[in-house]
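Grab a coffee and work through these short exercises with the model open beside you. Try each task before you read its solution.

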Amino acid sequence: MFYRLFEVCQFLESESQLLVLLVFEHLEQDLSDLIERLPKTGMPPTTVQRLARELLTGVDFLHSHRIIHRDLKPQNLLISSQGHLKIADFGLAKTYSDFEMKLTSVVVTLWYRAPEVLLAQTYNSSVDIWSAACIIAEMFSRKVLFPGTSEANQLDRIFELTGRPTAQQWPKRISLSREHFPLRLAKQPKDLCPALCEYSNDLLAQMLSYDLRLRPTALSCLEHEYFQQEPI
């Protein structure tokens, strides 16, 4: 392999071509692989807390540099041999302004997609907060929080937690009718993910707010009491 690379370099040099080599760190697995290989006892609470902190620290770094990832999911979170989490795959990432954006709705894998994206509304960096919350819940339970089969079904699964939005909350300019969905009352994340403790339930309840304006920033999440406590 290295011999062939040397030949390519020689050819490009002779042709006065510019060669750019990208060298990436090799990481053994992604978070999805790690979750799949967990024993029935699940991921230790200390590991969940540490990986959640590393995920939100990475998201905070991105947002502080005005970058929105837009495709956070376990497959895009790599785990090193030392057990540290690193965010990868920035193919859908975009820089943003302080204003909410009306961008393409074809972002974020369906199961981790925020309701405002599914409803083709303006959105901001809080879509990453929603995705991060779904991922943290998955680490606790070893299963996807909202495993929708279509965009409408995904919304219905989300409303099982958030409750069906009121008529005032429902987008005005959208063909999908609010009446398409059955009346649902809001629940706590712990109702869908029993493994959550008191503090993680409170954190995810905030991160999974239907109203994107009510979701905390990544930095605020890191300051939540969940990260100040010994895992329960």
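A contact here means heavy atoms within 4.5 Å. Keep in mind that this is a predicted model.

**Exercise 1. Work out what share of the contacts in the protein chain with a separation of 6 or more comes from residues 24 or more positions apart.**

Solution. Start with the layout: the protein chain has 9 helices and 5 strands, running α-β-α-α-β-β-β-β-α-α-α-α-α-α along the sequence. Next, take the contacts with a separation of 6 or more; residues 24 or more positions apart supply 64% of them. As for burial, 46% of the 232 residues count as buried.

**Exercise 2. Classify the aromatic pair formed by Phe140 and Tyr226.**

Solution. The whole structure holds 7 aromatic pairs. For Phe140 and Tyr226, the centres are 6.5 Å apart and the planes make an angle of 50°. Planes under 30 degrees apart count as stacked and over 60 as edge-to-face, so this pair goes down as tilted. Now place the partners: Phe140 sits in helix 5 (residues 126–141) and Tyr226 in the segment after helix 9 (218–222), 86 residues apart. Both Phe140 and Tyr226 are buried.

**Exercise 3. Do the same for Trp170 and Phe181, then find their aromatic cluster.**

Solution. The ring centres of Trp170 and Phe181 are 5.8 Å apart with planes at 55°, so this pair is tilted. Trp170 and Phe181 each lie in the loop between helix 6 (151–162) and helix 7 (189–192), so the pair ties together parts 11 residues apart in sequence. Trp170 and Phe181 are both buried. Finally, Trp170 and Phe181 join Phe159 and Tyr210 in one aromatic cluster.

Note on methods:
Residues numbered from 1 in each chain as written. Predicted model: local features only at pLDDT ≥ 70, side-chain atom pairs only at ≥ 80, totals over all residues. Heavy atoms only, no water. Helix = DSSP H or I, 4+ residues; strand = E, 2+ residues; numbered from the N terminus. Buried < 20%, exposed > 50% of the residue type's maximum accessible area, 1.4 Å probe, protein only. Phe/Tyr/Trp six-rings, centres within 6.5 Å; stacked < 30°, edge-to-face > 60°.
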